[in-house]
Structures are given as structure tokens and as C-alpha cells.
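Colleague: I am new to this model and should like to understand the terms applied to it. May we go through the reasoning step by step?

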Amino acid sequence: MKIIEYQVQRFDMRMNDYQDKERIVKQQTDPKKRKQLEAELDKDLKKFNKLIFKQDKLFFVCFNLLLNLANDFRIEKKMVKRNIVAYLVRMMERNSGDLLVACLYFLKKLSIISENKDQMVQEGIIDRMPRFFK
């Protein structure tokens, strides 16, 4: 769980940095400087995409491991207390097919308990689901 928490925070930090740099590029009026900033932004985008790719693999392994551990109901309750539902719902924004299948399977398993279903709705899972039905 700590690995997942750390990686989600890392993703948020990189995303904010990228968006800040994007705003700076849009505000730049000098053509030479703007071109240089756009080149740096392209480089950062490639790094960011590599990070996402590696994180998707790591999240897949972590969630599969946690899913196997969740066969014991006591451990599943501990995971829910540590807010795993929020992380699983957040993973629905990703594009990795394997990760999405693992997260959906885990969410399905957790949805048996009504408290978890309520938390899923609060986290906004309904807003993230339509893309799977197109």
C-alpha cells in the first residue's frame, strides 16, 4: 500500500510540474525562448510518459498481489481502511489494459460490501465508467 501511495503522490507532483511548465510556455511571447521552452516541454512529456508506463506495470503487480491477499476478509477490511478503494478508482483514468482489468476485478470483489460501494460512488467511479462502454 505504501508503494501505491508513494507512486500516486509522485505522479501528482510530476503532473503539476508539467502543467506549470505548459502554462509558462503559453505565456511566453518571445519566439526564440518559446521554441526552446517547447523543446523542453516535449522532453518532459516523454519522461512523463515513461513514468506512466513504468507505474502502470508496478500498479498492476501491486494490485494483483493485494487482490490475492484480499481473499482473507480481515486483510480486505484493513485494505479498505487504508483507502484502497480511492486508489483503485483513481486507476480507472489509466490506459493500460492489464491494469484496468485488475482494478475492475478488485473493485468488483470489494463491491460486495455496501460500504465499499458507497465509497466508490463518492470517489466518482460512475464518472469514469462510460469510457468502457463506447
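Modeller: Certainly; please bear in mind that the model is predicted. Let us begin with Arg 23 and Asp 20, which are three residues apart in helix α1 and are therefore separated by about one helical turn.

Colleague: What makes the pair Arg 23 and Asp 20 a salt bridge?

Modeller: Their side chains meet at 2.8 Å, N to O. The cut-off for a salt bridge is 4 Å, so the pair Arg 23 and Asp 20 qualifies.

Colleague: Why is Arg 23 called partly exposed?

Modeller: Its relative accessibility is 46%. Partly exposed covers what lies between under 20% and over 50%, so Arg 23 belongs there. Asp 20, with a relative accessible area of 35%, is partly exposed as well.

Colleague: How do you know that Lys 109 and Glu 76 form a salt bridge, and what parts does the pair tie together?

Modeller: Their side chains meet at 3.0 Å, N to O, which is within 4 Å. Lys 109 lies in helix α5 (residues 97–110) and Glu 76 in helix α3 (residues 73–81), so the pair ties together parts that are 33 residues apart in sequence.

Colleague: Is Glu 76 buried or exposed?

Modeller: Glu 76 has 6% relative accessibility; buried means under 20%, so Glu 76 counts as buried.

Colleague: Why is Lys 50 called exposed?

Modeller: Lys 50, in helix α2 (residues 31–69), has 56% relative accessibility. Exposed means over 50%, so the term applies to Lys 50. Lys 50 also helps form a positive surface patch with Lys 46, Lys 54 and Lys 57.

Key. Residues are numbered from 1 along each chain as its sequence is written. This is a predicted model: local features need pLDDT of at least 70, side-chain atom pairs count only at pLDDT 80 or more; totals for chains, interfaces and linings use all residues. Side-chain values use heavy atoms; hydrogens and water are left out. Patches are made of residues with over 30% relative accessible area and no salt bridge: like charges are joined within 9 Å, nonpolar side chains (Val, Leu, Ile, Met, Phe, Trp, Tyr) within 5 Å. Accessible areas come from the Shrake-Rupley method with a 1.4 Å probe; for residues, only the protein chains shown count as cover. Lys and Arg count as positive and Asp and Glu as negative; His and the chain ends are not counted. The place of a charge is taken as NZ of Lys, CZ of Arg, CG of Asp or CD of Glu. Helices (H or I, at least four residues) and strands (E, at least two) are DSSP runs, numbered from the N terminus. Buried means under 20% relative accessible area, exposed over 50%, partly exposed in between (1.4 Å probe, protein chains only).
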